[in-house]
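Here's a walk through a single fold, from the inside out. Have the structure open and turn it as you read.

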Amino acid sequence: QVQLVESGGGLVQPGGSLRLSCKASGTIFSANTMGWYRQAPGKQRELVAHITDGGDTNYADSVKGRFTISRDNAKNTVYLQINSLKPEDTAVYYCYSAPHYSFKYWGQGTQVTVSS
């Protein structure tokens, strides 16, 4: 079993930045994709970004150029640097670890609120 613990969320003004962290513990699969989803009230969950074990990344069009995903395999941690935040980025951000495309371990989420 894998446990994912997220941190780094909070309240930030438009244009500000946050760095989200998600540390995995337990039985860690050697080959996995890790990433972040987000869900705002009244909206469906959307994939924000993911990064493969080989370091390949993908981003949603809405965050491309502003968000950066990275991972530290030695620390079993995935990060999401979020810059130039907009109010529409407000959501609960969930990290995941996927040893296979059909299965994901999930974190409990961290709230990001962008507001003046």
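**Starting from the core**

Let's begin in the middle of this predicted model. The largest nonpolar core has 27 residues, and the ones touching the most other members are Leu4, Trp36, Val48, Phe67, Leu80, Ile82 and Tyr93. Plenty of strands chip in: β1, β3, β4, β5, β7 (67–72), β8 (77–82), β9 (91–100) and β11 (110–114) each supply at least two residues of this core. The biggest giver is β3, with 4 residues. If you're used to looking at folds, that may ring a bell: nonpolar side chains in soluble globular proteins tend to be buried together.

Now go to the start of the chain and pick out strand β1, residues 2–7. Its two faces are easy to tell apart: Val2, Leu4 and Glu6 are on the covered face, while Gln3, Val5 and Ser7 are on the uncovered one. Leu4 should look familiar, as it was one of the core residues with the most contacts to other members. And who is β1's partner? It pairs with strand β3 (residues 18–26) in the antiparallel sense, over 6 bridges. To get your bearings there, find valine 2 and look across to glycine 26 in β3, which stands opposite.

Move along to strands β4 (residues 33–39) and β5 (residues 46–51), another antiparallel pair, this one with 5 bridges. A handy landmark is tyrosine 37, whose bridge partner in β5 is leucine 47. The hairpin of β4 and β5 has 6 residues between the strands, and in it glycine 42 takes a positive phi near 80 degrees. From β5 you can carry straight on to strand β6 (residues 57–59), which runs antiparallel to β5 and is joined to it by 3 bridges. Here isoleucine 51 stands opposite threonine 57 in β6. The hairpin of β5 and β6 has 5 residues between the strands, and again a glycine has a positive phi: glycine 55, near 95 degrees.

Which residues other than glycine have a positive phi? Asparagine 76 is one, with phi near 50 degrees, and serine 84 is another, also near 50 degrees. That's worth a second look because most residues other than glycine have a negative phi. Asparagine 76 lies in the loop between β7 and β8, whereas serine 84 is in the loop between β8 and β9. As for accessibility, asparagine 76 has a relative accessible area of 26%, so it counts as partly exposed. Serine 84 is partly exposed too, at 40%.

Serine 84 has a further role in this tour, as its backbone oxygen is reached by the side chain of arginine 66 at 2.9 Å. Is that arginine buried or exposed? Its relative accessible area is 11%, so arginine 66 is buried, the cut-off being under 20%. You'll find arginine 66 in the loop between β6 and β7.

Last stop: the empty space. The largest pocket holds about 160 Å³. It is lined by 14 residues, and Ile28, Phe29, Asn32, Arg71 and Asn73 lie nearest its centre. Sorted by class, that lining comes to 5 nonpolar, 6 polar and 3 charged residues.

Definitions and conventions
Residues are numbered from 1 along each chain as its sequence is written. This is a predicted model: local features need pLDDT of at least 70, side-chain atom pairs count only at pLDDT 80 or more; totals for chains, interfaces and linings use all residues. Side-chain values use heavy atoms; hydrogens and water are left out. On a 1 Å grid over the protein atoms alone, a cavity is a set of points where a 1.4 Å probe fits but cannot get out, and a pocket is an open set with protein on both sides within 12 Å along at least five of seven lines; lining residues have an atom within 4 Å of a point. Grid points are joined across faces, edges and corners, and a volume is the space filled by probe spheres set on the points. Ala, Val, Leu, Ile, Met, Phe, Trp, Tyr, Cys and Pro count as nonpolar, Asp, Glu, Lys and Arg as charged, and the others, Gly among them, as polar. Buried means under 20% relative accessible area, exposed over 50%, partly exposed in between (1.4 Å probe, protein chains only). Two strands pair if DSSP finds at least two bridges between them. A nonpolar core is a set of buried Ala, Val, Leu, Ile, Met, Phe, Trp, Tyr and Cys residues joined through side-chain atoms within 4.5 Å. A polar contact is a pair of N or O atoms within 3.5 Å; within protein, one must be able to donate a hydrogen and the other to accept it, and residues adjacent in sequence count only if both atoms are side-chain atoms.
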